[in-house]
Amino acid sequence: ELNEKFEVVACVDEIPLRRLVAEERHPGCKTFADYKELFNIKDEIDLVVNASYSQCHYEISKDLLSHGMNVVAEKPFARTYEECLDLIETAKANNCHVYPFHQSLFAPNFLKLKEILESGKIGTPVQYSLRYSGFSHRWDWQTILACCAGGLYNTAPHPIGQALDLLGWDENVKIAYAKLGSYNVSGDGDDYAKLLLTAPEKPLVDIEVISCGDAYPDYIFKVYGTNGTLQVSYGDYKMTYYKPEEYTEHELKKLALKDENGNPIYCSDDMKKYEEGGDVIGDAFNKGSDSFYHMVYDDLVNGKPAYITPEKGAAVIKIIEECHKRTPLERKVEL
């Protein structure tokens with residue numbers, strides 16, 4: 001009911017019941033069992049959302065783009081970096097647009113994190129930690145490597161995209177460490193992913209995507225800064241920091257500190273600390289998605305360049321692909 005910029009004119013689904021639901025929700029909407037039928041009415045369509053199975057994203061996006069249709073491509077953008085580049089070139093060749101669905105870059109908690117960092121209150125960031133973890137089991141197609149699935153392809157595009165954003169989309173970002181594991185899933189995909197990203201003159205980024213189990217996922221983002229610490233969860237944030245202008249540096253002592261009686265003592269700092277916190281309203285699925293489609297509309301209709309470019313989506317897949325190469329999992333399930 002809040003949508004004022006888009007009209008659903010067609011829906012594609014193999015399941016008849018879901019096509020009926022689409023027709024009920026969107027009066028006048030045409031429904032099809034095969035996406036290729038969209039080509040017959042492409043003059044009525046300004047944008048196609050490719051929300052197919054992950055292993056189908058590349059082929060369907062490429063086909064749509066080849067027919068001159070603008071596409072929102074669900075994550076993962078594609079399976080490999082080369083496929084991403086091919087989608088970018090196909091879009092250019094057919095004078096159309098492709099948008100990787102990285103709505104987490106517009107998530108309210110991530111925007112709050114960037115806002116606080118911009119304020120400089122916690123100083124210069126030294127390390128970013130991103131946790132997209134939980135404690136659960138899966139037994140569906142999202143646990144099968146052949147489906148371009150597992151936590152790294154399914155969930156990690158969110159924190160990896162956010163990490164690259166925090167690093168300014170630096171082309172020199174490298175993987176310092178990567179480890180994948182498959183422990184509590186029915187398929188052969190990863191439910192444990194740990195990676196460290198680094199770039200020259202940039203903070204270290206520590207990313208975890210663990211479902212095998214992290215029973216205490218108390219935050220999503222934590223930033224260690226030179227003046228303090230910021231922690232952001234799904235619905236709130238908190239930080240502790242000091243103000244350098246209020247702090248008097250102590251003279252360096254090359255020997256052990258001693259009290260008035262000559263006994264060794266430990267450093268006891270008199271730093272005045274400040275604490276702040278508050279709520280964060282909304283998440284990536286509502287406000288983040290809303291902002292994403294406003295961005296798409298402004299690009300298509302008003303010519304305002306999109307912040308989330310296909311090149312950024314490709315950079316995310318490049319990291320994921322490299323992680324799988326460094327720590328390959330045994331493929332045990334075939335489709």
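# Briefing: sheets, helices and salt bridges

Strands β11 (residues 228-232) and β12 (residues 236-241) run antiparallel and are joined by five bridges. Within this pairing, T229 stands opposite T240 of β12. The model described here is predicted. Two open sheets are covered below, one of eight strands and one of three strands, followed by helices, salt bridges and a surface patch.

**The eight-stranded sheet**

- The strand order of this open sheet is β7-β8-β9-β6-β10-β11-β12-β13, and its pairing is mixed.
- The edges are taken by β7 (174-181) and β13 (274-279); each has a single partner strand, so one side of each has no neighbour in the sheet.
- From one strand to the next, the twist averages 10 degrees.
- Strand β13 contains G278, which is partly exposed at a relative accessible area of 25%.
- When neighbours within four places in sequence are left aside, G278 is in contact with G235, D236 and Y237.
- The C-alpha atoms of G278 and D236 are 5.5 Å apart, while the two residues are 42 apart in sequence.

**Helices lying on this sheet**

- Helix α6 (residues 157-166) lies across β6 (125-131), β8 (192-198), β9 (204-210) and β10 (221-225).
- Relative to β9, helix α6 runs at about 170 degrees.
- Helix α8 (residues 310-326) lies across β7 and β8.
- The angle of helix α8 to β7 is about 60 degrees.

**The three-stranded sheet**

- This open sheet has the order β3-β4-β5 with parallel pairing.
- Strands β3 (48-50) and β5 (98-100) stand at the edges with a single partner strand each, so each has one side without a neighbour in the sheet.
- On average, and with direction ignored, neighbouring strands of this sheet are turned by 20 degrees against each other.
- Three bridges pair β4 (residues 71-73) with β5 in the parallel sense.
- The bridge partner of V72 is Y99 in β5.

**Helix α2**

- Helix α2 (residues 57-66) is mostly covered, with seven of its 10 residues buried.
- The buried residues of α2 are H57, Y58, I60, S61, D63, L64 and L65.
- These buried residues pack against β3, β4, α3 (81-93) and β5.
- G68, just after α2, has a positive phi of about 75 degrees.

**Salt bridges**

- The whole structure holds 18 salt bridges; three of them are described here, along with one network.
- Side chains of opposite charge can pair when their charged atoms come close.
- K112 and E115 form a salt bridge through their side chains, with an N to O distance of 3.3 Å.
- K112 and E115 are separated by about one helical turn, because they are three residues apart in helix α4 (residues 108-119).
- E115 counts as partly exposed, at 48% relative accessibility.
- K114 forms a salt bridge with D165, and their closest N and O atoms are 2.7 Å apart.
- K114 is in helix α4 and D165 is in helix α6, so this pair ties together parts that are 51 residues apart in sequence.
- The two partners differ in exposure class: K114 is partly exposed at 29% relative accessibility, whereas D165 is buried with a relative accessible area of 7%.
- The side chains of D206 and K194 also meet in a salt bridge, at 2.7 Å from N to O.
- D206 lies in strand β9 and K194 in strand β8, so the pair ties together parts 12 residues apart in sequence.
- D206 and K194 are both buried.
- R131, K194, D206 and E208 belong to one network, joined by salt bridges that share partners.

**A nonpolar surface patch**

- I15, L17, L20 and V21 form a nonpolar patch on the surface.
- Together these residues have about 350 Å² of accessible area.
- L17 is found in helix α1 (residues 16-25).
- With a relative accessible area of 58%, L17 is exposed, because the cut-off for that class is over 50%.

Technical notes
Residues are numbered from 1 along each chain as its sequence is written. This is a predicted model: local features need pLDDT of at least 70, side-chain atom pairs count only at pLDDT 80 or more; totals for chains, interfaces and linings use all residues. Side-chain values use heavy atoms; hydrogens and water are left out. Patches are made of residues with over 30% relative accessible area and no salt bridge: like charges are joined within 9 Å, nonpolar side chains (Val, Leu, Ile, Met, Phe, Trp, Tyr) within 5 Å. Accessible areas come from the Shrake-Rupley method with a 1.4 Å probe; for residues, only the protein chains shown count as cover. A salt bridge is a side-chain nitrogen of Lys or Arg within 4 Å of a carboxyl oxygen of Asp or Glu. Helices (H or I, at least four residues) and strands (E, at least two) are DSSP runs, numbered from the N terminus. Buried means under 20% relative accessible area, exposed over 50%, partly exposed in between (1.4 Å probe, protein chains only). Two strands pair if DSSP finds at least two bridges between them. Axes are lines fitted to C-alpha atoms, for helices over the stretch in contact, and angles run from 0 to 180 degrees between N-to-C directions. Contact means heavy atoms within 4.5 Å.
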